[in-house]
Structures are given as structure tokens and as C-alpha cells.
Amino acid sequence: MIANSLLTPDKDPMGSAIADYFHQRKTDRLRVFSSQFDEDEIPVSQLFRTLQAMPPLERTALKMSSGHILDVGAGSGCHTLALQARGKKVDAIDISPLSVEVMKLRGVHNANQINLFDERFCGSYDTILMLMNGSGIIGKLENMPQFFFKMKQLLNPGGCILMDSSDLRYLFEDEDGSFVIDLAGDYYGEIDFRMQYKEIEGETFDWLYIDFQTLSFHAKQNGFQAELIQEGKHYDYLAKLTPIQQ
Ligand code: SAH
């Protein structure tokens, strides 16, 4: 089952980092742990990137966004604010209470603490934005039917999803180009993460990185068509997903 709950402030490491940065308090490292990788960290300032500092894939996604827009997992609100500045109508949702608080203080007109997969969440959107490895929120490949079901409920006719992701294949490739993946195992883009900021430890969560071909396959299975819009420099890409007309 896909998680459809919300975070509480005591288990919200990223939101806590976002709040410290926004209030100009001293920030610490936002640490990321995974059973599959070495410890890593997310520079907190990156979560506040301006339009000029955004990678090309994200800027393309913003340019393509039209009508009533939903920013899923909006974080500090960087994309929502860039769109609002262009006069667009955007709803921002996030499971992090501290991030939603900061978004409101930064001037996001419509920021709400909502889990995308909450059954009570409804709306009608022309563009659904999922950025910064937006496919992550789907968690695991087995959640694809539930994800696309939700998308069908939320999309207006003619609407689309704009999502970025990365193919993690390069992590499993040997120098000679051979590929060491256990085909009987889980899909190689299914990662578990846990974050920590100061003394605040988050729960472990599933995060999905997906290659475009696998995304296309699952989209098709669930009545959507995937289009490759742009490729980034490091196995990353932007995809547009549209319901297939029946
Ligand atoms: N889009 C932002 C933040 C990306 S980090 C940016 O590009 O900077 C991913 C965000 O998704 C986090 O803020 C996390 O709290 C939120 N999130 C994770 N699962 C979610 C869900 N099911 N529904 C809504 N938001 C979710």
C-alpha cells in the first residue's frame, strides 16, 4: 500500500531545515541515509533555488505549465512562486507541516498540508507538476496503478503531468559498460531513504527513480501515454504524461 499519511513536526527533518533557512537561523546538514547507498546530504539552499538557478529540465516544465496547476510535494514552494510570479494559478501541496508553513510565509497563495494519495483530496487540474525527481513520490513500481488512478481523478480533459526522474542504471554499470543488476530482484530504482536534520529523525520512506522506458510501459498499462520532453546531463529527463483518449 502506498503511504497516504502526513508528517508531524517532530518527524519532519526536511521541513525543519526549510524553516531554519527561511527564518535565517543557523542551518545544519540535511543528512540522507539509505540501505542501498552511502550517507549523503542535500544542501538546504538548493531547496530555495530561484528560477535562474533551476536546472533546464525544471525551467522547461515551468514554461510548459498552463491553466490550473498542482505542484505536488512543493517543498519550500520554489516552483509555485516562480509560476505565481508569471501570473499562473497554482495549488501547492506537501505532507510536511513545516514546509507548508514556510510556503505560506513566502507568499504562496494556496499551500496545504495534503498527501497526494489521500482519498479525500480532489481537484481539477490542467497541469500536475512533480519536480526534483518527482517520480519519487510514487515510492515503488507496484504503486503505479494507484498513482495513475489518482491522476485520472485530478486531471481536467486535455491536462497532463510533468514529471522529472533519473535512470539509476549508471550506478550499476561496470567500467566496461556491462550491467550488474539482479533481474530477479526488485527494480533497481526502488530506493529506501531516511532523513535527519539536527536531532530530528524522519521515518524511512520509499522513493522511486525510474528510467523512461519503464515509465512508458507502466503509463501505457494504466491508460497514459508518456512523452520524453527533454534529457538532462546525468541520466535525468523530463516526461509528459497524458491520458490516452478512449
Ligand atoms: N518540489 C520541491 C521539493 C522536492 S522534495 C523542490 O523541487 O524543491 C519532495 C517533497 O515531496 C518533500 O517536501 C516531501 O515532503 C513531499 N512529499 C513526499 N511524499 C508526498 C506525498 N505523498 N504527497 C505530497 N507531498 C509529498
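Let us begin at the ligand, where a backbone N or O atom of L131 lies 3.4 Å from a ligand nitrogen atom. I should say at once that we are looking at a predicted model.

Two side chains also make polar contacts with the ligand. In the side chain of R49, an N or O atom is 2.6 Å from an oxygen atom of the ligand. In the side chain of N115, an N or O atom is 3.0 Å from a ligand nitrogen atom. How much of the ligand does the protein bury? Taken alone, the ligand exposes 570 Å², and the protein buries 91% of that.

As to the surroundings, there are 18 residues around the ligand, and R49, G73, D94, N115 and L116 come nearest. By class, this shell holds 11 nonpolar, five polar and two charged residues.

I turn now to strand β3, which covers residues 68-72. Why is β3 described as largely enclosed by the rest of the structure? The reason is that five of its five residues are buried. In a regular strand, side chains alternate between the two faces of the sheet. For β3, one side presents H68, L70 and V72, while the other presents I69 and D71, and all of these are buried. Both faces of the strand are therefore covered, given that buried means under 20% relative accessible area.

Which strands pair with β3? One of them is β4, residues 89-94, which pairs with β3 in the parallel sense over five bridges. Within that pairing, H68 has K89 of β4 as its bridge partner. The connection also deserves a remark: β3, helix α3 at residues 78-85, and β4 together make a right-handed β-α-β unit.

Another partner of β3 is β6, residues 125-130, again in the parallel sense, over three bridges. Here the bridge partner of I69 is T127 in β6.

Let me stay with T127 for a moment. This residue of strand β6 has a relative accessibility of 1% and so counts as buried. Its side chain reaches the backbone oxygen of S66 at 2.8 Å. T127 thus appears twice in this account, as the bridge partner of I69 and in a side-chain contact with the backbone of S66.

Next, the backbone angles. Most residues other than glycine have a negative phi. Two residues here call for attention on that point. Q24, which is not a glycine, has a positive phi of about 55°. Where is Q24 found? It is in the loop between α1 (13-22) and β1 (30-33). Q24 has a relative accessible area of 72%, and because the threshold for exposed is over 50%, it is classed as exposed.

The second is Y235, also not a glycine, with a positive phi of about 60°. Y235 lies in the loop between β11 (224-231) and β12 (236-243). Is Y235 buried, exposed or partly exposed? At 41% relative accessibility, Y235 counts as partly exposed.

Finally, I would point to E201, in strand β9, residues 200-201. E201 is partly exposed, with a relative accessible area of 44%. How far apart are E201 and G15, in sequence and in space? The two are 186 residues apart in sequence and 12 Å apart in space, C-alpha to C-alpha.

To close, I return to two points from this predicted model: the protein buries 91% of the area that the ligand exposes when taken alone, and strand β3 is largely enclosed by the rest of the structure.

Technical notes:
Residues are numbered from 1 along each chain as its sequence is written. This is a predicted model: local features need pLDDT of at least 70, side-chain atom pairs count only at pLDDT 80 or more; totals for chains, interfaces and linings use all residues. Side-chain values use heavy atoms; hydrogens and water are left out. A residue is near a molecule or strand if one of its heavy atoms lies within 4 Å of it. A polar contact is a pair of N or O atoms within 3.5 Å; within protein, one must be able to donate a hydrogen and the other to accept it, and residues adjacent in sequence count only if both atoms are side-chain atoms. Accessible areas come from the Shrake-Rupley method with a 1.4 Å probe; for residues, only the protein chains shown count as cover. Ala, Val, Leu, Ile, Met, Phe, Trp, Tyr, Cys and Pro count as nonpolar, Asp, Glu, Lys and Arg as charged, and the others, Gly among them, as polar. Buried means under 20% relative accessible area, exposed over 50%, partly exposed in between (1.4 Å probe, protein chains only). Helices (H or I, at least four residues) and strands (E, at least two) are DSSP runs, numbered from the N terminus. Two strands pair if DSSP finds at least two bridges between them. A crossover is right-handed if, with the strands pointing away from the viewer, the path from the first strand over the helix to the second runs clockwise.
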